Amino acid sequence: MTTHDLVALLQGKRIAILTGAGCSTESGIPDYRGPQARPRKPIQHRDFVESEATRRRYWARSAVGWPRMAGARPNAAHRAIAELEARGLASGLITQNVDRLHHKAGSREVLELHGALADVRCLDCGALESRDALQTRIAALNPDLGAANVTIAPDGDADLPLELVENFRVPACLACGGVLKPDVVFFGGSVPRERVMAAFAKLDAADVLLVVGSSLAVFSGYRFVLRAAEMKMPIAIVNRGETRGDPHAALRVDGAAGEVLPALARALC
Ligand code: NAD
Ligand code: ZN
């Protein structure tokens, strides 16, 4: 199907938008399941919480990956989605991404289903610290990390020589000395119930669901497709390659989000 068909389906409708990693690949943040994705084992929630070694490895590697994540710029897809909201055409934006790029593009109401890497939370007392502030503390504790040459991964992780990981000094919560975790839902973790309910409310207020750049392999995002299908709400999917939602879709556009979304915004706005 073409962008023309997509415009016809969405014209005059209140649109709920669900985005995934494919919306951010054109900003240089890799996805897990796209054609260019490297096979890798993502961090598991339970591992992170239970193992000090896992946390050391995560923070060492993410310390090196963070500047690139923090420096990523929104692309034309994020900007087009912000434009749809500004024109009152999008009734809700739900993202599975943890990169804050929708905010950077000017979207005002963003439901971050899986949280954001820009926030760090203490598992013991719940205190919140910004990742930028934590990065400064990490750099002070680990002056040798600066110059390492690495490749970043989708969750802000990165590949790093073993000795740098082993010598890494993990920062603790400023308030209580407790264990810090990026405020995101890792694999095996669960999205807080109130957050799911708030996202369902956004979906329920729409006439149509538009999925952008998600394989929908993760149930967390797929559940919105199931709910929309149950409500007989039309579903449109813009994604490179197949998705688990395809059998439910009224329409699929196989293309780059950074091309399709701006064309859509131009036609609708
Ligand atoms: P996914 O990796 O499972 O699927 C991404 C899909 O987008 C793939 O089908 C791929 O072919 C497609 N794609 C890639 N580039 C595209 C483009 N330019 N235009 C259109 N389609 C494109 O991603 P997911 O479904 O979001 O699930 C991954 C999970 O991992 C999420 O739960 C998310 O929390 C996390 N994650 C987040 C980020 C991020 O914040 N940017 C990145 C990777 C993973
Ligand atoms: Zn604490």
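Which atom of ligand 1 does a backbone N or O atom of valine 98 lie 2.7 Å from? The partner is an oxygen atom of ligand 1, and this contact is a convenient place to begin reading the structure, which is a predicted model.

## The surroundings of ligand 1

Besides the contact made by valine 98, a backbone N or O atom of glutamine 96 lies 2.5 Å from an oxygen atom of ligand 1. A side chain takes part as well, since an N or O atom in the side chain of serine 214 is found 2.6 Å from an oxygen atom of the ligand. Taken alone, ligand 1 exposes 850 Å², and the protein buries 96% of that area.

The shell around ligand 1 is made up of 29 residues, and the closest of them are Arg33, Gln96, Ser214, Ser215 and Arg240. When the residues of this shell are divided by character, eleven are nonpolar, 13 are polar and five are charged.

## The zinc site

Ligand 2 is a zinc ion, and the atoms that coordinate it are the SG atoms of Cys122, Cys125, Cys173 and Cys176, at 2.3 to 2.4 Å. Along the chain, these donors follow the spacing C-x2-C-x47-C-x2-C. The arrangement around the zinc ion is tetrahedral because the four donor atoms subtend angles of 104 to 114°, and the cut-off for four donors requires all angles to lie between 85 and 135 degrees.

Two of the cysteines show how the site joins separate stretches of the chain. Cysteine 125 lies in the loop between strand S4 (115-122) and strand S5 (128-130), whereas cysteine 176 lies in the loop between helix H7 (162-166) and strand S6 (180-184), so the pair ties together parts that are 51 residues apart in sequence. Cysteine 125 counts as partly exposed, with a relative accessibility of 41%, and cysteine 176 also counts as partly exposed, with a value of 42%.

## Loop residues with positive phi

Arginine 100, which is not a glycine, has a positive phi near 65°. Its place in the chain is the loop between strand S2 (90-95) and helix H5 (101-104), and its relative accessibility of 25% makes arginine 100 partly exposed.

Lysine 232 likewise has a positive phi, of about 60°, although it is not a glycine. This lysine is found in the loop between helix H9 (219-230) and strand S8 (235-238). Is lysine 232 buried or exposed? Lysine 232 is exposed, because its relative accessible area is 74% and the cut-off for that class is over 50%.

## Separations in sequence and in space

Glycine 189 is found in the loop between S6 and helix H8 (193-204), where it counts as partly exposed at 27% relative accessibility. How far apart are the C-alpha atoms of glycine 189 and arginine 46, which are 143 residues apart along the chain? What separates these two C-alpha atoms is 7.5 Å.

Another pair is formed by glutamine 135 and valine 165, which are 30 residues apart in sequence and 16 Å apart in space, taken from C-alpha to C-alpha. Glutamine 135 lies in helix H6, which covers residues 131-141. With a relative accessibility of 17%, glutamine 135 counts as buried, a class that applies under 20%.

Technical notes:
Residues numbered from 1 in each chain as written. Chains lettered and ligands numbered in written order. Predicted model: local features only at pLDDT ≥ 70, side-chain atom pairs only at ≥ 80, totals over all residues. Heavy atoms only, no water. Near = heavy atom within 4 Å. Polar contact = N/O pair within 3.5 Å; in protein donor to acceptor, adjacent residues only side chain to side chain. Areas by Shrake-Rupley, 256 points an atom, 1.4 Å probe, with all protein chains shown as cover. Nonpolar A, V, L, I, M, F, W, Y, C, P; charged D, E, K, R; others polar. Helix = DSSP H or I, 4+ residues; strand = E, 2+ residues; numbered from the N terminus. Buried < 20%, exposed > 50% of the residue type's maximum accessible area, 1.4 Å probe, protein only. Donors = N, O, S within 2.8 Å, 3.2 Å for Na, K, Ca; no water. Tetrahedral: all angles 85-135°; square planar, octahedral: opposite > 155°, others 65-115°.
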